[in-house]
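Visitor: I'd like to learn how to read a protein model, one feature at a time. Can we look at it together?

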Amino acid sequence: MIVPQLSDGWHKLLSAELAKPYFKDLKKFLDQEYKQYTCFPPQSHIFNAFSHCSLSNLKVVIIGQDPYHGLGQANGMCFSVSDKIQAPPSLKNIYKELQADLGVPIPDTGDLQRWAKQGVLLLNATLTVRESQAGSHQKQGWETFTDAVIREMSADKNDLVFLLWGGFAKKKGAKIDKLKHCVLSSGHPSPLSANQGYWFGNKHFSQANKFLSSKCIEEIVW
């Protein structure tokens, strides 16, 4: 695995974690996986969530689960796909809720880098996956790492908005200091959850901006 090239802010926050034995074991596992199988995202994109969102500008954290496991989809940011790749069903439902909530026209791209540049960290709980095998890189160390990311962000920053979509993300929310930050929870945007009434109507985008505005923090242009 390519050693993560994190910006100064992220590196300072996470350097101790990257040096721990479990992370070294994770790197060995991933080196073997990427040699033996097709895995996503490409190794150079694994840490894109951090590359595209600076710690100093961090405002919102969206927590996903696994990267997309279809060819060409995963780009290192949860729910995001690279430009010219068709938006997967979960992302389509995110866009539908955004349109209903704030009147934002549905974009013609699934690349969420524009959110990341404004301070939205798009963090999957597991940062890699084997092609067509959802969950194949779980319980190898990624969850420990992303737990630490959430815990360190919560301790280091103030007035963040955490968007927890689905049961898996809600469990990760146990690492968040809810006295310091705004935590918004709902069902997952996947069709199964959304069609049962657990996603649409959560108004998380407007609620996030309302909280940021109340703290005199620039809102996200969703």
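Visitor: Let's start with Lys28: is it buried or exposed?

Guide: The general idea is a cut-off on relative accessible area: buried means under 20%, exposed over 50%, and partly exposed in between, using a 1.4 Å probe and protein chains only. Lys28 has a relative accessibility of 58%, so it counts as exposed. This is a predicted model, where local features need pLDDT of at least 70 and side-chain atom pairs count only at pLDDT 80 or more, while totals for chains, interfaces and linings use all residues. Residues are numbered from 1 along each chain as its sequence is written, and side-chain values use heavy atoms, with hydrogens and water left out.

Visitor: Which helix holds Lys28?

Guide: Helices (H or I, at least four residues) and strands (E, at least two) are DSSP runs, numbered from the N terminus. Lys28 sits in helix α2, residues 21-36. You can also compare places along the chain with places in space: Lys28 and Gly76 are 48 residues apart in sequence, and their C-alpha atoms are separated by 19 Å.

Visitor: Now Asn93: buried or exposed?

Guide: Asn93 has a relative accessible area of 6%, so it is buried. Its place is in helix α4, residues 89-102.

Visitor: What is Asn93 in contact with, beyond its neighbours in sequence?

Guide: Contact means heavy atoms within 4.5 Å. If you leave aside neighbours within four places in sequence, Asn93 touches Pro189, Ser190, Pro191, Ala194, Trp199 and Phe200.

Visitor: On to the sheet. In what order do the strands come?

Guide: Strands of a sheet pair through backbone hydrogen bonds, either parallel or antiparallel. Two strands pair if DSSP finds at least two bridges between them. Here four strands make an open sheet, ordered β3-β2-β5-β6, with parallel pairing. The edges belong to β3 (120-124) and β6 (182-186); each has a single partner strand, so one side of each has no neighbour in the sheet. On average, neighbouring strands are turned by 20 degrees against each other, direction ignored.

Visitor: How many bridges join each pair?

Guide: Let's walk across the sheet. Five bridges link β2 and β3; for instance, Val60 has Val120 as its bridge partner, and Gly64 stands opposite Asn124. Next, β2 and β5 are joined by four bridges, and there Ile63 faces Leu164. Finally, β5 (residues 161-165) and β6 pair over five bridges, with Val161 opposite Cys182.

Visitor: Which helix packs on the sheet?

Guide: Helix α6 (residues 142-156) does, touching β2 (60-64), β3 and β5. Its direction makes about 150 degrees with that of β3. For such angles, axes are lines fitted to C-alpha atoms, for helices over the stretch in contact, and the values run from 0 to 180 degrees between N-to-C directions.

Visitor: Why is β2 described as largely enclosed?

Guide: Five of its five residues are buried, so the rest of the structure largely encloses β2. Look at both faces: Val60, Ile62 and Gly64 are buried on one side, and Val61 and Ile63 on the other. In β3, too, five of five residues are buried. Its two faces carry Val120, Leu122 and Asn124 on one side and Leu121 and Leu123 on the other.

Visitor: How many cavities are there?

Guide: On a 1 Å grid over the protein atoms alone, a cavity is a set of points where a 1.4 Å probe fits but cannot get out; a pocket is an open set with protein on both sides within 12 Å along at least five of seven lines, and lining residues have an atom within 4 Å of a point. Grid points are joined across faces, edges and corners, and a volume is the space filled by probe spheres set on the points. The count is two cavities of 30 Å³ or more. The largest has about 50 Å³, and its lining includes Asp66, Tyr68, Phe79 and Asn124. The second largest has about 40 Å³, with Pro41, Ile46 and Leu127 among its lining residues.

Visitor: What lines the largest pocket?

Guide: That pocket holds about 420 Å³ of space. It is lined by 20 residues, with Asp66, Pro67, Tyr68, Ser90 and His188 nearest its centre.
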